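This briefing goes through one structure by topic. Please have the sequence and the 3D view open while reading.

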4 protein chains.
Amino acid sequence: MASSIRVTVWNEGVHEKKDEAVAKIYPKGIHGALADHLRKQPGLEVVATATLEEPEHGLTEAVLAKTDVLLWWAHLAHGEVQDAIVDRVQNAVLSGMGLIVLHSGHYSKIFKRLMGTDCGLRWREAAEKERLWVVLPGHPIADGLSAYFELPHTEMYGEIFDIPQPDELVLISWFEGGEVFRSGCCWHRGKGKVFYFRPGHETFPIYYDANVLKVITNGVRWAARREGSPAKPGCIHCKESLSPIRSGKD
Amino acid sequence: MASSIRVTVWNEGVHEKKDEAVAKIYPKGIHGALADHLRKQPGLEVVATATLEEPEHGLTEAVLAKTDVLLWWAHLAHGEVQDAIVDRVQNAVLSGMGLIVLHSGHYSKIFKRLMGTDCGLRWREAAEKERLWVVLPGHPIADGLSAYFELPHTEMYGEIFDIPQPDELVLISWFEGGEVFRSGCCWHRGKGKVFYFRPGHETFPIYYDANVLKVITNGVRWAARREGSPAKPGCIHCKESLSPIRSGKD
Amino acid sequence: MASSIRVTVWNEGVHEKKDEAVAKIYPKGIHGALADHLRKQPGLEVVATATLEEPEHGLTEAVLAKTDVLLWWAHLAHGEVQDAIVDRVQNAVLSGMGLIVLHSGHYSKIFKRLMGTDCGLRWREAAEKERLWVVLPGHPIADGLSAYFELPHTEMYGEIFDIPQPDELVLISWFEGGEVFRSGCCWHRGKGKVFYFRPGHETFPIYYDANVLKVITNGVRWAARREGSPAKPGCIHCKESLSPIRSGKD
Amino acid sequence: MASSIRVTVWNEGVHEKKDEAVAKIYPKGIHGALADHLRKQPGLEVVATATLEEPEHGLTEAVLAKTDVLLWWAHLAHGEVQDAIVDRVQNAVLSGMGLIVLHSGHYSKIFKRLMGTDCGLRWREAAEKERLWVVLPGHPIADGLSAYFELPHTEMYGEIFDIPQPDELVLISWFEGGEVFRSGCCWHRGKGKVFYFRPGHETFPIYYDANVLKVITNGVRWAARREGSPAKPGCIHCKESLSPIRSGKD
């Protein structure tokens with residue numbers, strides 16, 4: 001409890017290399033911008049950033065072992081993420097690591113894996129206005145927000161968002177062009193927690209917005225690994241019963 | 001965040017006066033035993049205890065205003081709780097106060113009010129064994145528990161427990177005599193949170209059990225008022241629209 | 001299964017008497033218009049319509065006993081509904097009757113009673129456009145809908161809608177003026193089901209819209225009483241245990 | 001609506017060939033026994049049975065196209081199910097097909113795929129008594145059940161069952177040896193529905209039990225494909241906005 005929450009920020013890191021406009025907005029990459037913000041938050045510690053091009057995409061067993069919450073941003077190269085690393089991250093979540101999936105990460109292998117669905121949606125790039133409404137005001141992820149906040153120019157994501165019903169739905173977005181979207185969604189998976197948060201884009205400077213950063217910070221705190229949580233069993237053969245059995249067999 | 005969670009413990013306080021056996025187990029009353037435990041927990045502060053016989057049942061506006069989490073134990077005298085106080089407590093929960101309802105509190109006016117259902121169940125007093133299984137291992141209320149814990153002699157509560165489906169179901173009980181029960185249930189109500197926790201009885205010394213106390217402490221932390229949460233509106237007439245409207249009327 | 005679903009349509013019936021414009025749109029009252037539609041649906045039977053001014057508001061024990069689904073429209077006179085009738089309707093729902101709450105019925109005593117919350121929201125009358133998006137496409141209430149449908153001129157209802165998280169969230173509304181709303185919400189309460197459906201107004205002819213009527217019809221089928229469902233216990237003292245108990249007491 | 005629900009029963013079909021005891025209980029295989037029962041139910045039609053050893057495991061595109069609900073029983077050979085067929089079945093579910101996963105099918109590839117978790121549990125074969133309690137009495141899957149029903153000799157499955165929280169939890173099991181289990185669980189996935197039902201074993205004659213068969217029949221009706229449900233989008237690029245946008249870009 002007293003010790004800090006250890007965060008790793010993963011970013012596929014492709015846009016920043018291919019597109020000068022993106023590099024200008026995020027000179028250290030999207031991961032760098034997010035890490036810079038998170039480092040300043042009390043009780044959080046950024047233990048690593050990692051990108052697609054690193055060996056094992058930077059997500060070695062050692063890195064995951066010291067990660068309480070993993071952030072995931074990706075867009076262009078979902079297919080290049082190795083299945084073995086997806087297995088490893090899924091296993092880390094089921095074992096208690098938190099996962100924050102951002103924006104176009106909705107279509108990543110790891111998010112689809114944890115959801116069991118297709119995770120498709122409607123989208124449009126028209127630099128339109130988005131308004132995010134809080135619908136679960138007592139949830140820790142809503143801390144410090146007003147009834148709604150706005151992003152003046154965003155990519156639109158619209159329903160049907162093909163996800164399982166969230167355990168807790170915190171935010172719903174309104175878009176100028178006529179769509180709505182479940183933008184802040186919480187799920188339990190195994191011993192871990194998953195938070196999907198919609199905003200974010202490579203060319204709109206979304207990850208400098210104060211409210212967006214507040215939600216991400218809150219999400220990290222909410223999703224953080226619980227040190228004291230009970231062991232999650234795999235399939236266990238219970239040789240002994242806990243109470244006497246009078247079976248017909250015996 | 002840095003400041004402590006302010007807890008008030010309410011107990012109808014009737015058993016302790018009528019029954020020597022109860023008074024012997026809980027010489028300061030059930031509220032006193034719970035308050036003694038909670039006072040020792042880091043980050044928690046007991047701001048009040050209160051009982052049925054006090055004016056306004058000890059739950060004045062002033063007391064609720066300084067309460068982040070209210071514990072509720074009651075059994076014999078649900079009907080004697082004044083409706084005006086039930087209204088006040090409900091309003092406090094909807095405004096962000098946490099509420100922990102214990103054991104026979106399932107049949108209190110305030111719990112029925114917040115659930116919208118009858119909150120009935122099966123019960124039997126046979127001093128039988130209860131085993132509480134964790135079913136949501138990453139939830140903060142499960143912190144520090146093993147896969148299950150036992151109470152050697154308890155009153156049985158069995159399904160159908162007439163409650164709305166919990167937002168999060170943390171614990172399910174097994175009873176020696178053949179019943180099961182959803183024993184640790186979480187709901188959001190307005191800006192507040194409600195946690196129902198089954199164990200507890202006036203003549204079994206349940207509130208000295210280390211696991212039971214752990215769950216109650218975890219429950220208090222989970223349900224605590226969020227200082228920064230957005231204002232919950234009542235019915236609000238929005239005179240201005242946020243975006244231009246091209247209505248057919250105008 | 002083979003027999004029809006028996007529907008009762010309740011309408012406070014005040015607007016129609018006070019306001020010629022409303023009477024013109026709904027010459028038989030809102031209840032009359034809804035009943036006319038429901039009567040034409042295969043497998044549905046309208047057994048009664050009822051209004052506030054009737055003795056017992058037309059909701060006698062006899063009427064509720066033969067009702068599988070009750071529709072509830074109200075706006076001006078929530079406070080005039082007698083508490084004894086609210087008790088009776090709540091009890092009918094907990095015993096298996098379905099309840100469809102329409103539009104401004106969100107602020108009725110019976111809806112608040114079943115939700116346990118304040119059921120407040122934002123609202124504005126600007127004859128603006130509403131677009132209702134399906135978010136749970138396989139749910140029976142979405143049968144026959146497209147990805148979304150529109151109402152050209154409606155009263156706006158906006159979040160935060162102070163309700164418990166729905167068991168199933170089927171529809172989310174977008175409003176031209178900038179708000180979103182959980183417009184089609186399902187809950188279990190006791191043995192009964194509750195469906196809240198937002199559209200409807202006294203002066204916009206919403207209840208002639210084909211999609212709105214489709215959702216209401218689907219809602220009736222979804223919420224209908226299940227003849228074969230297990231008895232819901234109140235508080236039951238189980239004298240006998242189902243399995244032998246080796247308690248410390250005996 | 002008028003037309004029947006088309007059911008396919010899948011069984012890996014390995015036990016029946018290897019073990020005479022199993023073949024004796026289920027001379028036509030577990031799939032044969034289930035199909036025989038379902039064929040007799042009004043409104044249901046068994047369009048196919050299929051087993052592991054058939055080409056494409058008997059689950060061709062053609063078979064799935066005419067299947068409204070697929071039953072899945074498996075135990076020994078989960079690993080031999082081809083990934084391409086798992087993909088196909090998952091896609092069929094997301095497109096609207098219902099899936100009933102029985103007993104040891106909890107550890108099948110398709111169930112893990114749709115859940116996103118490990119789906120592990122505790123188990124023991126001691127021919128002990130199981131008692132299944134209804135906890136959601138108004139749910140269609142509980143139709144015709146009493147408050148509980150019993151199986152005299154079963155294999156035990158115990159918590160923690162590593163699944164996402166069900167959208168609707170209908171049944172909880174009690175086991176003589178001291179465990180509990182969420183035995184009847186409902187989820188939405190894409191346009192389809194998934195029902196997990198615990199009972200069933202190769203050597204206990206579970207699939208002749210009247211209550212077990214009732215639950216399976218109810219589950220088939222609940223999970224059946226909805227013909228009229230809205231198209232589920234994959235990722236769709238919306239070239240046009242539905243409402244005018246005043247973006248900063250233009």
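How many residues does helix α5 of chain C have, and how far does the helix reach from its first C-alpha to its last? Helix α5 of chain C covers residues 83–94, which is 12 residues, and reaches 16 Å between those two atoms, close to the 16 Å expected at 1.5 Å a residue. The model is predicted. The points below start with chain A as a whole, then take up helix α5 in chains C and A, the backbone exceptions, and two single residues.

**Chain A as a whole**

- Chain A contains 7 helices and 10 strands.
- The radius of gyration of chain A is 19 Å, and the globule rule gives 18 Å for 250 residues, so chain A is as compact as a globular protein of that length.
- The C-alpha trace of chain A spans about 75 × 40 × 35 Å along its principal axes.
- Of the 250 residues in chain A, 68% are buried.
- Taking contacts in chain A between residues at least 6 apart in sequence, 72% join residues at least 24 apart.
- Chain A has an accessible surface of about 8,100 Å², and carbon and sulfur atoms account for 50% of that surface.
- Chain A carries 29 positive and 32 negative charges, and the mean positions of the two sets are 5 Å apart.

**Helix α5 in chain C**

- The buried residues of α5(C) are Ile85(C), Val86(C), Arg88(C), Val89(C), Gln90(C), Ala92(C), Val93(C) and Leu94(C).
- The cover over these buried residues includes the helices α4 (61–65) and α6 (109–115) of chain C.
- Strands of chain C also take part in that cover, including β3 (69–73), β4 (98–102), β8 (180–189) and β9 (192–197).
- Gly96(C), just after α5(C), has a positive phi of about 125 degrees.

**Helix α5 in chain A**

- Helix α5 of chain A (residues 83–94) has 12 residues, which should span 16 Å at 1.5 Å a residue, and its end C-alpha atoms are 16 Å apart, so the two values agree.
- In α5(A), the buried residues are Ile85(A), Val86(A), Arg88(A), Val89(A), Gln90(A), Ala92(A), Val93(A) and Leu94(A).
- The elements of chain A that these buried residues pack against include α4, α6 (109–115), β3 (69–73) and β4 (98–102), and β8 (180–189) and β9 (192–197) are also among them.
- After α5(A) comes Gly96(A), with a positive phi near 125 degrees.

**Backbone exceptions**

- Most residues other than glycine have a negative phi, and most peptide bonds are trans.
- The peptide bond from Glu159(B) to Ile160(B) is cis, with omega near 10 degrees. Ile160(B) sits in the loop between β6 (148–158) and β7 (168–175) of chain B.
- In chain C, Glu159(C) and Ile160(C) are joined by a cis peptide bond with omega of about 5 degrees. Ile160(C) is in the loop between β6 (148–158) and β7 (168–175) of chain C.
- Glu56(A) is not a glycine, yet its phi is positive, about 55 degrees. Glu56(A) belongs to the loop between β2 (44–51) and α4 (61–65) of chain A and is partly exposed, with a relative accessible area of 35%.
- Ala127(C), also not a glycine, has a positive phi of about 50 degrees. Ala127(C) lies in strand β5 (residues 122–134) of chain C and counts as buried at 1% relative accessibility.

**Two single residues**

- Lys214(A) is part of helix α7 (residues 210–223) of chain A and is partly exposed, with a relative accessible area of 32%.
- Leaving out residues up to four places away in sequence, Lys214(A) touches Asp143(A), Gly144(A) and Leu145(A).
- From C-alpha to C-alpha, Lys214(A) and Ala84(A) are 33 Å apart in space, and they are 130 residues apart in sequence.
- Pro166(D) is in the loop between β6 (148–158) and β7 (168–175) of chain D. Because buried means under 20% relative accessible area, Pro166(D) counts as buried at 17%.
- Pro166(D) and Cys186(D) are 20 residues apart in sequence and 5.5 Å apart in space, C-alpha to C-alpha.
- Apart from residues up to four places away in sequence, Pro166(D) touches Arg182(D), Cys185(D), Cys186(D) and Trp187(D).

How values were computed. Residues numbered from 1 in each chain as written. Chains lettered and ligands numbered in written order. Predicted model: local features only at pLDDT ≥ 70, side-chain atom pairs only at ≥ 80, totals over all residues. Heavy atoms only, no water. Helix = DSSP H or I, 4+ residues; strand = E, 2+ residues; numbered from the N terminus. Rg over C-alpha atoms; globule rule 2.2 N^0.38 Å. Buried < 20%, exposed > 50% of the residue type's maximum accessible area, 1.4 Å probe, protein only. Contact = heavy atoms within 4.5 Å. Areas by Shrake-Rupley, 256 points an atom, 1.4 Å probe, with all protein chains shown as cover. Lys, Arg positive; Asp, Glu negative; His and termini not counted. Charge placed at Lys NZ, Arg CZ, Asp CG, Glu CD. Expected span 1.5 Å × (residues − 1).
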